[in-house]
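Please look through the model shown here, beginning with its sheet and ending with its ligand.

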Amino acid sequence: MVEEFAFDNTEERRRSRQNGDAGWIEVIVGSMFSGKSEELIRRLKRAQIARQKVQVFKPKIDDRYSIEQIASHSGMTHVSKPVMTAAEMMAKMEDDTQVVGIDEGQFFDMELIKAVTELANNGKRVIIAGLDQDYTGRPFEPMPQLLSIAEFITKTHAICVKCGNTANYSQRTSESTERVQVGAHDKYEARCRKCFVPHSDKPTVV
Ligand code: ADP
Ligand code: ZN
């Protein structure tokens, strides 16, 4: 049985492995700069301290940082394998892996839903971080579907750069209407519900 908050309890995980139990799915969602990658990396490092076998994946589309690692805006990093599709991730999955980390889940294809279900069914702990909304505030697939099937959900928040309130939105500050436009402070800023507009806006001068 999966206890509440078992996702943060690596001892619990080890016991379930021995019993041959199923694994589970954890999802971390929020706007840009909300600390999703930090939280993912924190959980992965704890799993490694518990000497569990960890594999980490990220979609190839995200070329913000070094290709062989995931990174937070605050400088935390963890090694990862870049993959184009969920199918490629499954092909690279090793049988004895106990914990699977996935960053930038919103850039994966819809096959990710089936893939993580299979991994959890096979006893693995799967942790997926990703944006829950695009730059217009619409749900960003496949994250809504992953939220529906996850055992554990964590919503992280940033700080609105305009007013200091809790930020739930990624405000686009570059002129583009493409849904996928990879960038960081150069193209986005965190905003609250009051300050967010569902289209490009001029950056806040700080
Ligand atoms: P995400 O993966 O959600 O984009 P990261 O984990 O990469 O977030 O980065 C979170 C870090 O970003 C924070 O710890 C902080 O140092 C930095 N940061 C920059 N701008 C903001 C902001 N507006 N609100 C909160 N944190 C911010
Ligand atoms: Zn605001």
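The paragraphs below take up the sheet, the helices that lie across it and the surroundings of the ligand.

This is a predicted model, and a convenient place to begin is its open sheet, in which 6 strands follow one another in the order 5-2-6-7-1-8 with parallel pairing. The edges are formed by strand 5 (81-83) and strand 8 (152-156), each of which pairs on one side only. From one strand to the next, the twist averages 20 degrees. Within this sheet, strand 6 (residues 99-102) and strand 7 (residues 125-131) run parallel and are joined by 4 bridges, and I102 stands opposite I128 of strand 7.

Two helices can then be placed against these strands. Helix 2 lies across strand 1 (24-30), strand 2 (54-59), strand 6, strand 7 and strand 8, and its direction makes an angle of about 165 degrees with strand 7. Helix 4 (residues 111-121), for its part, lies across strand 1, strand 6 and strand 7, running at about 155 degrees to strand 7.

Helix 2 also leads to the ligand. Ligand 1 is surrounded by 16 residues, of which the closest are K36, S37, S72, H73 and A158. The elements that contribute two or more residues to this shell are helix 2 (36-49) and strand 9 (158-159), and the largest share, 3 residues, comes from helix 2. Sorted by class, the shell around ligand 1 holds 6 nonpolar, 8 polar and 2 charged residues. Helix 2 thus appears in both parts of this account, as an element lying across strands of the sheet and as a contributor to the shell around ligand 1.

Note on methods: Residues are numbered from 1 along each chain as its sequence is written. Chains are lettered from A and ligands numbered from 1 in the order in which they are written. This is a predicted model: local features need pLDDT of at least 70, side-chain atom pairs count only at pLDDT 80 or more; totals for chains, interfaces and linings use all residues. A residue is near a molecule or strand if its C-beta atom, placed from the backbone, lies within 6 Å of it. Ala, Val, Leu, Ile, Met, Phe, Trp, Tyr, Cys and Pro count as nonpolar, Asp, Glu, Lys and Arg as charged, and the others, Gly among them, as polar. Two strands pair if DSSP finds at least two bridges between them. Axes are lines fitted to C-alpha atoms, for helices over the stretch in contact, and angles run from 0 to 180 degrees between N-to-C directions. Two residues are in contact if their C-beta atoms, placed from the backbone, lie within 7 Å.
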